[in-house]
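Work through the following exercises with the sequence and the model in view, and attempt each task before reading its solution.

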Amino acid sequence: MDGADGELGLATASETPLTGGGVWQQFQHGRIYWSQATGAHAIKGGIGDTYVALGDAALTKLGLPTYDEVKLPDGWYQQFQNAGIYWTNDGGKVVTGDVAAKYAALGKTASTTATASSTPSAINATSAADATTKTSSNSSAANTTSAKSTAQPTTAATSSSTPIASGSVSASSSSSASTTNPAAAAPSTTQSPNAQTPSTQAPTSAIADATSTAQETTTVGAIAVWYNSLGGVNSYLGAPTSPEIPTTGGVYQVFQGGRIYWNEALGAYDVHGAVLLEYLSLNGSDGELGMPATPEVPVPGGTYQVFQNGWIYWSEPNGAHWLHGATLAEYQAIAGTNSYLGFPTSDERSAAGGTVQDFEHGKIYWNPSTGAHAVHGAVLTEFGNNGAEGGWPGYPTTDELLLAEGVVQHFQGGLVYWNASAGAHVVRGTIGDTYAANGWEWGFLGYPTSSERPVSNGGVVQDFQNGKIYWSPGNGAYAIHNAVLTEYQNTGWEWGILGFPTSEEQSLDNGIVQHFQGGNVYWNASAGAHVVRGTIGDTYAANGWEWGFLGYPTSSERPVSNGGVVQDFQNGKIYWSPGNGAYAIHNAVLTEYQNTGWEWGILGFPTSEEQSLDNGIVQHFQGGNVYWNASAGAHVVRGTIGDTYAANGWEWGFLGYPTSSERPVSNGGVVQDFQNGKIYWSPGNGAYAIHNAVLTEYQNTGWEWGILGFPTSEEQSLDNGIVQHFQGGLVYWSPDVGAHAIHGEILRALSANDWEWGPLGYPTTGELPGGEGVVQYFQKGNISWVAGRGAVVNVINTGGPKPAAGDEAGYIRWVAGFAQEEQRRYGVPAAVSIAQSILESGWGQSSLTAVDNNYFGIKCPAYGSPFVSGCTSYSTNEWVNGGYVTIQAGFRSYNSPADSFLDHGFFLSLGDPKNSANRYYPAFLTTNDRDFVRAIAAAGYATDPTYANKIIGFMDRYNLYQYDV
């Protein structure tokens, strides 16, 4: 503006700060405004008057000037931040937003339409300014004193130092971009043959000289043809402002409202408005786009123009943006502006490893290895939430793919699924692999309903419509769904007892199983889903899992008494207890366990698994054992009865399997039945087994409430028999005579006669009624008992071998039968006969006895005895005249000891105890054994005066009275 000599004249004030940043300064004929955002621009003349007339509203309504004045065919225009001012001879008018756009569309001005923010902008020509001026009739604060020139000047300056092309734009384009204008080129020998060499170049000073000389320009050739086809100077291009200018690949010519480019292969096409601004920002024909290949083409909502290497799209809300390469190809492949993306809202920009371009409803991403793919809608939102291309998803590798009930889009790092009810969510990595292995979205999981999220212990989980996928370090990723998932939830998810899954669901016969860190979850249609874990799980495994006898679990484990745990299965239970471990119980054993009160009953917890036995099974518990046999059933054996059962060989002993559990009987006792016997327990006695013939005899006596009471011993082996002791007696058994009970006085008499190995042997009957009392028979005699008289032992000698010398008891037992038979026949008390034989035979050891079986020293002759076999002479000591003398005498001989005893009776009774003529008859009238001895001694039986006392002494010492019959 030539400083003080220019149109503004001298400064009349210092700079004044503006609210919100910036300054302004008053000059003689106008003002200059400056801010960091707009740069420095002058306002003057009619436009200046209009701006100043707004007062404080100027800054609010229009903002600061963003360009200098622009000459129009019938006036002037200046652009401000928020609007524009047109000036003609009719004065200045503020035009904003849509009004400016419509005005421009009618071809009345050289201004541009509204930007995306509805702000008009101007494009300045590179040709010389129009020298035509019009006189303003206005005078204002912007034009103080007399003006140096009253003409409204044209300027070529913008907020930057780069000149730009002026001219109007078509009604179909708008721009929000800053304008740029390459400097006019020097004449070139390569331009169109019709190109004209300009005589001058556009001024480059900040304010063009209003008096600069105007230059006339013309259009020729292909450019002229295209120009005229548009309507020439009356078109939106207006008048040419430059000659043709050589450029890369052809030439171009600048017009007031745009440019026309020509290329030999493509022909001539104009570029104008916002499309031109975008084109020029990319260095125009010298840039990547190359020459235009089509005119601007209207489409719904905007326009596009094709260039050699790309397209520029324009829409009113978004402005003009270029697309090229793979991004353009992708955009066109999905139907361009008619697609779900709409118009571009930005140019392509660099991203990590590729590019991205924004559109109204999405983006197109490009990467050398993936190509270009559009991302939009909820998928784009989820993509962005996960860091977009700079995050783990990386670049898309496919466009969005339509699925049955949603969509999916593939990315380098995973997939994004969308479903109307589930929303959009990423599936990636190992979780994505598991999702794929389970059939993607058409598998049982359905669509994802969340993105993956961290959980405890470094794990990750992702939710799906019908399940979840868990991933954990060292285990991998596995899906969980349906009833297994519900059970997993019941246990506290991954921070509960199960931890993370370690396998997929596995199909089983009639069910499924899924493995976890802390156990397994089994499912069966009838049993449901339940956890099996820990020691119980180990036991379940040892018993064959679900195909073993237990079948599927029907409950999860639960606590029971004393710190134990139990879990139910289709065909049994597994119990665990501290210090014992876990063991399965099933079938009849389980039923018996239930009958005893489960774990809080007498048995407590199991301490072993079921063990196979011959023909049965056994299972051990804290409080006893349960035995089972097909014929006997299942029964508990425990405590002292169990100890006795064990001592007798358990089930392989003589008792066999139990056929009942223990049961109480009289007097506080307990009995338990077995296949081959019983075990009785009673207080103070303990537990003892009874079986076979002894048991039968015990039954015959009335069991424990009979004469015998409870057993006090086990069966004891004897020579050729057995005996068992009871509270009230004994039961003897031998193979020859069977089993018989003995009790009371008869038992005491047997005891005095050396039990079964004495002269009587084993009992052959029980007690029987006999005479005034009872009698019991034995192998070699009997014992009779009468109340008040006691028991009498009757021995029958069977002729066995004589006991050895010194065996006094054996001798008595041996001869007792002979003596008793003598008593039965001849009435001589057995006690007397036994005592006399002891004295006369020297306990059976004398020569007379050894050789001739003479036990009583009876001399010959025989006097008609049927028992004497002969006579033998022996020396003998006889008492004569007060002393012993030795004489020779003949003594009777016998064939057997029995004959000697019978002859002794015959001798004393002369064959008839009632024969009163007999010298010994008085003895048979006595009532006791002692008097009997005294009577025979008095009758002269022996010469020894002490004979009776000696005999009585033997009877008393050895209680020989018990043998009397």
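Helices (H or I, at least four residues) and strands (E, at least two) are DSSP runs, numbered from the N terminus. The model is predicted, so local features need pLDDT of at least 70 and side-chain atom pairs count only at pLDDT 80 or more, while totals for chains, interfaces and linings use all residues. Residues are numbered from 1 along each chain as its sequence is written, and side-chain values use heavy atoms, with hydrogens and water left out.

**Exercise 1. Helix H10**

Determine which residues of helix H10 are buried, how they are arranged about its axis, and what covers them.

Solution. Begin with accessibility, where buried means under 20% relative accessible area, exposed over 50%, and partly exposed in between (1.4 Å probe, protein chains only). In H10, which spans residues 534–542, the buried residues are Ile536, Gly537, Thr539 and Tyr540. Viewed down the helix axis, these buried residues fall within an arc of 160°, so they line one face of H10; the arc is that of the directions from the helix axis to the C-beta atoms. An α-helix has 3.6 residues a turn, so residues three or four places apart point the same way. Exposed Asp538 and Ala542 are carried on the face of H10 turned away from the buried side. Next, look for the cover, taking contact as heavy atoms within 4.5 Å: it includes strands E31 (519–524), E32 (528–532), E34 (565–569), E35 (572–577) and E36 (581–586). Finally, just after H10, Gly544 has a positive phi of about 95°.

**Exercise 2. The sheet containing E17**

Establish the strand order of the sheet that contains E17, and identify the strands at its edges.

Solution. Two strands pair if DSSP finds at least two bridges between them. On that basis four strands form an open sheet in the order E17-E18-E19-E20, and their pairing is antiparallel. E17 (349–351) and E20 (371–376) each have a single partner strand and stand at the edges, so one side of each is left without a neighbour in the sheet. From one strand to the next the twist averages 30°. At the E17 edge, three bridges connect E17 with E18 (residues 354–359), and Arg349 is found opposite Val356 in E18. Helix H7 (residues 377–385) lies across E19 (362–367) and E20, running at about 105° to E20, where axes are lines fitted to C-alpha atoms, for helices over the stretch in contact, and angles run from 0 to 180 degrees between N-to-C directions.

**Exercise 3. Strand E43 and its partners**

Describe how strand E43 is connected to E42 and to E44.

Solution. Take E42 (residues 670–674) to begin with: five bridges join E42 to E43 in antiparallel fashion, and Gln672 has Ile679 of E43 as its bridge partner. The connection between E42 and E43 is a hairpin through two residues. Turning to E44 (residues 686–691), its antiparallel pairing with E43 extends over six bridges, with Trp681 opposite Ala687 in E44. This second connection is also a hairpin, with three residues between E43 and E44, and Gly684 in the turn has a positive phi of about 80°. As for accessibility, E43 (residues 677–682) is mostly covered, five of its six residues being buried.

**Exercise 4. The whole protein**

Place these elements in the context of the protein's overall content of helices and strands.

Solution. The protein has 20 helices and 54 strands, and buried residues account for 54% of its 965 residues.
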